[in-house]
Amino acid sequence: IPASSFGRELEDLSQSFAQMARTLAATDLARARLLADLAHELRTPLATLQACIDGLDDAVLEPSEHTFTTMRNQVERIQRLSADLRDAAAAQEDALPLAPEPCDLCSIAAAAVAAAQPICDKAGIRLKLIAPTSAAVRGDRDRLGQVLSNLLVNAARHTPAGGQVVVTVAAANHEASVEVTDSGEGIPADEIDAIFERFHRVDHARSSDAGGSGLGLTISRAIASSHGGTLN
């Protein structure tokens with residue numbers, strides 16, 4: 001719609017209409033990319049399931065516990081991807097459901113650390129929480145916990161045995177923050193912005209099973225943003 005020369009009201013209307021058209025076009029493009037990315041991500045687990053089914057049907061594979069565990073893992077992978085995709089789509093359209101309430105960021109961090117402790121113990125990684133007595137915030141307790149869980153799983157995944165992951169909570173000047181640091185290999189400088197993109201993985205040689213759904217950081221940044229915060 002060209003800019004109107006018939007007065008301020010029509011000019012504002014034409015600008016609003018043009019902005020709406022751009023927003024709709026961007027949403028349409030994002031959905032098309034999302035479907036293309038999803039098709040790519042589903043290819044590996046579906047191919048694995050197909051191979052197992054064919055192997056059982058041809059009696060090449062034994063109906064053993066190992067075979068059924070492999071198939072079960074692929075089904076769980078697809079279920080996890082489906083749930084993460086729903087959240088990612090909602091986040092992209094600023095429609096992520098939230099239930100904000102007064103809560104303590106320290107207790108949320110403590111719960112996330114406790115949940116991640118078995119993973120770190122199994123990997124031989126030290127996990128440490130540094131936090132004040134309390135850090136009052138208003139937010140969705142479950143969603144904030146989801147962010148921390150995603151960050152801790154990523155930290156544990158990229159930290160070698162004998163390394164350390166530290167979660168630090170701080171509160172000052174009416175703001176609260178949580179920092180997750182680890183002694184792993186770090187993120188290449190040219191990958192830092194890209195890690196928040198859908199399905200992006202720093203280690204491109206990593207299998208889709210080991211690397212998660214590739215949506216965790218995308219969702220986590222959207223959750224932080226919806227709380228008026230940032231994730232860097």
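**Close-up views, from helix 5 outwards**

**View 1. Gly228, the glycine that follows helix 5, has a positive phi, near 80°.** Helices here are DSSP runs of H or I with at least four residues, strands are E runs of at least two, and both are numbered from the N terminus. What you are looking at is a predicted model, so a bit of care applies: local features need pLDDT of at least 70, side-chain atom pairs count only at pLDDT 80 or more, and totals for chains, interfaces and linings use all residues. Residues are numbered from 1 along each chain as its sequence is written, and side-chain values use heavy atoms, with hydrogens and water left out.

**View 2. The whole protein has 5 helices and 5 strands.** Start at the N terminus and you meet the elements in the order α-α-β-α-β-β-α-β-β-α. Of the 232 residues, 32% count as buried; that means under 20% relative accessible area, while exposed is over 50% and partly exposed lies in between (1.4 Å probe, protein chains only). The accessible surface adds up to about 14200 Å², and carbon and sulfur atoms hold 56% of that. Areas like this come from the Shrake-Rupley method with a 1.4 Å probe, and for residues only the protein chains shown count as cover. Take the contacts (heavy atoms within 4.5 Å) between residues at least 6 apart in sequence, and 66% of them join residues at least 24 apart.

**View 3. Helix 5 is largely enclosed by the rest of the structure, because 8 of its 11 residues are buried.** The buried ones are Gly216, Leu217, Thr218, Ile219, Ser220, Ala222, Ile223 and Ala224.

**View 4. Helix 4 (residues 141–157) passes helix 5 (residues 216–226), with their axes coming within 9 Å and crossing at roughly 145°.** Helix 4 brings Arg143, Gln146, Val147, Asn150, Leu151 and Asn154 to this contact, and helix 5 answers with Gly216, Leu217, Ile219, Ser220 and Ile223. Each axis is a line fitted to C-alpha atoms over the stretch in contact, and angles run from 0 to 180 degrees between N-to-C directions. Helix 4 and helix 5 make a left-handed crossing, the case where the near helix is turned anticlockwise from the far one by less than a right angle.

**View 5. The side chains of Glu101 and Arg141 join in a salt bridge, at 3.8 Å from N to O.** Glu101 belongs to strand 1 (residues 101–104) and Arg141 to helix 4, so this pair ties together parts that are 40 residues apart in sequence. Glu101 is partly exposed at 35% relative accessibility, and Arg141 is partly exposed at 34%. To count as a salt bridge, a side-chain nitrogen of Lys or Arg has to be within 4 Å of a carboxyl oxygen of Asp or Glu. By that rule the count is 2.

**View 6. Asp12 and Arg8 form a salt bridge too, at 3.2 Å from N to O.** Both residues sit in helix 1, 4 residues apart, or about one turn of the helix. Arg8 is exposed, at 59% relative accessible area, and Asp12 is partly exposed, at 33%.

**View 7. Phe6, Leu10 and Leu13 make a nonpolar surface patch of about 360 Å².** Leu13 is part of helix 1 (residues 8–57) and is exposed, with a relative accessible area of 55%. Patches take residues with over 30% relative accessible area and no salt bridge, joining nonpolar side chains (Val, Leu, Ile, Met, Phe, Trp, Tyr) within 5 Å and like charges within 9 Å.

**View 8. Ala59 has a positive phi of about 65°, even though it is not a glycine.** You'll find Ala59 in the loop between helix 1 and helix 2 (65–92), where it is exposed at 61% relative accessible area.

**View 9. Asn173 is not a glycine either, yet its phi is positive, at about 55°.** Its home is the loop between strand 4 (164–172) and strand 5, and Asn173 counts as exposed at 73% relative accessibility.

**View 10. Thr181 of strand 5 (residues 175–182) touches Gln164, Val165 and Val166, leaving aside residues up to four places away in sequence.** Thr181 and Val166 are 15 residues apart along the chain, and their C-alpha atoms are separated by 5.3 Å. Thr181 counts as partly exposed, at 34% relative accessibility.
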